[in-house]
Amino acid sequence: MNGKRRKTRLRLSSFQLIISGFLFVILLGAVLLALPISKQGGGRTGFMDALFTSVSAVCVTGLVVQDTATYWSGFGETVILTLIQIGGLGVVTVAASFSMLSGRKIGLAQRSLMQDAISAHQIGGIVRLTGFVLRTVFLIEGIGAALLAVPFMKEFGFAKGLWYAVFHSISAFCNAGFDLMGESGHYSSLTAWFSNPLVNVTVMALIIIGGLGFLTWDDVKEKRWRVKRYRLQSKIILAVSLILVVFPALIYFLIEFTAERWPEMSAGERWMAALFQAVTPRTAGFNSVDLTRLSEGGLYLMIALMLVGGSPGSTAGGIKTTTVAVLVFLSISVFKREESARCFGRRIDSDVTSSAACIFLLYLSLVFVASVSISWIEGLPMLACLFESASAIATVGLSLGLTPNLSVASRIILMALMFFGRVGGLTLIYAASFERNTYSAALPKEKIAVG
C-alpha cells in the first residue's frame, strides 16, 4: 500500500515531464559541447560557455557567447544543429517520433503528453497530427536547404555550401537564429547577403512558416482555401501574423531605412531590409543589417515585435500572437461594454482572457526585472539591456553585441529567460503549482475601482 502511495506521489504531470525533458537535453548538449572534439583545434571549452550555447540552441534562441562558425568544430556544429532541431520540434514530439517509427503502441498517457507539448485542443487524432507535423517539418526544411544550396554552393563550394544550406534552413525554420557566417566577420549573421533575394526570401519564408504553428498547418492542409472553416485560433494567427509583417515593414522602409540614413542601399535593397527586419524579430534571430545602426525608435519597434513573437504550438517563442490578439479583443469588448471578448463571430472564454492577461504581465515583469538587473550588474545602458533581455525571453537571438561580454551572473539571467520563453510561462506555472482548486464555495464578491 505504501509503495502505491509513493508511486502516486512521484508521478509527474505532463508539464513537469516536458520541463524535465528540456532540462535533460540541455545538460546532455552542454556535456557534448564541453568535449575537446567540439572545439576547433581541440582544447577545453568552459562549462558555462557550453551550457549557455546548449540552452540557446535547445530553446531555439540564437544568443551566443562564441561565434558559431569560427569557434566550434564540425562536430560541435552538428551537436548545435541537432539541439536546434530537437528544441524546434519539442522534446516530447521527438520522443514520440521514435516510438512511432519503432511501431510501439502509444498509450493514453503518452497521447495526453503529446497534446500538451504541441498545444492541441483535443487528444483525438494527436498521433496523426504528430506524424503530419514531422513529415511537414522535414519537407519544408528540405525545400529550404535546396533553395539555399544554390547561392551557398556558388560561394563556398559543394560540400561546405550544402552543409551551410542545411544548417541555415533548419535554423531558420526552427526560428533559432544560429548562423555559420562568422568567417566574413564575427557575429555578422546574414549581413553579407542583405542584397541576395533568394537567400532573404527563403529565410523569411522558413521563419514565417515555422512560426505559424502546427495546428495552423493542419487547417491549411485539410481546408485549403476555405478560410471560413479554419479554427478560430488559425484565423487569428494568420490575420495577426500578416499585420505584424506588413505594417512594421512599411514603418522600417518609410522611416528607418531612408536614403539619408542608409545611402549605400538601393530602393529595392531597402525594401528587402525593411521586410527582413520586420520578419526576423518574430523569434528568428537573423539580421541582414547592422542593428547597432538602427535608431532608438527602430530598436523599440523591434523589441515590441520580439516580445509578441510567434504563435502557440510552433517553433517560435514570445508572448504569442494569439495572446496579444485576445488582449486587444478584450479591450475592445470593455470599450463597447460587452460581457465577453469576441472575434470572427465567436465568443472568447473568460479563462482564455485571464490566461492571456497573466502571461502578458508575467513576460513584461520578467523583462523589466532582468533588464534592470543586467544594467546594474554590467553598468550598461538600459535600452541595450532591454533589447538583450527581450531577445532572450522571446527566444529571438538578435543582439546588440552585449552577450559575449557579459559576466556569469548576467548570462545566468539570460539563460533563465531563454528557458522560460521556450518552455512557456503557463507550462512552468502549471508544473510548479498544485492541483487546481475544485472547492465549490465562492468568496464574497466586492467591486473595486480601476482605471
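A search of the whole structure, which is a predicted model, returned one cavity of 30 Å³ or more. The space within this largest cavity amounts to about 90 Å³, and its lining is made up of N175, I207, I208, G211, L212, S241, V245, V279, R282, G310 and S311. When these lining residues are sorted by character, five are nonpolar, five are polar and one is charged. Two helices, helix 10 (197-212) and helix 12, each supply at least two residues of this lining, and helix 10 gives the most, with four residues.

Besides the cavity, pockets were examined. The second largest pocket holds about 450 Å³ of space and is lined by 26 residues, among which Y187, S188, S189, N287 and S399 lie nearest its centre. Of the residues in the lining of this pocket, nine are nonpolar, 14 are polar and three are charged.

Charged side chains were considered next. Side chains of opposite charge can pair when their charged atoms come close, and eight salt bridges were found in a search of the whole structure. One of these salt bridges is formed by R231 with D218, for which the closest N and O atoms are 3.4 Å apart. Because R231 lies in the loop between helix 11 (214-223) and helix 12, whereas D218 belongs to helix 11, this pair ties together parts that are 13 residues apart in sequence. The two partners fall into separate exposure classes: R231 has a relative accessibility of 25% and therefore counts as partly exposed, while D218, with a relative accessibility of 4%, counts as buried.

R231 also forms a salt bridge with D219, and here the closest N and O atoms are 3.1 Å apart. Since D219 is likewise placed in helix 11 and R231 in the loop between helix 11 and helix 12, the pair ties together parts that are 12 residues apart in sequence. At a relative accessibility of 0%, D219 counts as buried.

A further salt bridge joins E338 to K336, with the closest N and O atoms 3.6 Å apart. In this pair, E338 counts as partly exposed at 25% relative accessibility, and K336 is exposed, its relative accessible area being 54%. Salt bridges that share partners, in turn, join D218, D219, K223 and R231 into one network.

The lysine K235, placed in helix 12 (residues 232-256), presents another situation, in that K235 is buried yet has no salt bridge. The nearest side chain of opposite charge to K235 is that of D219, at 8.7 Å, and a salt bridge requires a side-chain nitrogen of Lys or Arg within 4 Å of a carboxyl oxygen of Asp or Glu. A polar atom of the K235 side chain does, however, lie 3.0 Å from the backbone oxygen of K228. D219 thus appears in two settings, as the salt-bridge partner of R231 and as the side chain of opposite charge nearest to K235.

Note on methods: Residues numbered from 1 in each chain as written. Predicted model: local features only at pLDDT ≥ 70, side-chain atom pairs only at ≥ 80, totals over all residues. Heavy atoms only, no water. 1 Å grid on protein atoms, 1.4 Å probe; cavity = no way out; pocket = protein on both sides within 12 Å on 5 of 7 lines; lining within 4 Å. Points joined across faces, edges and corners; volume = space filled by probe spheres on them. Nonpolar A, V, L, I, M, F, W, Y, C, P; charged D, E, K, R; others polar. Buried < 20%, exposed > 50% of the residue type's maximum accessible area, 1.4 Å probe, protein only. Lys, Arg positive; Asp, Glu negative; His and termini not counted. Polar contact = N/O pair within 3.5 Å; in protein donor to acceptor, adjacent residues only side chain to side chain.
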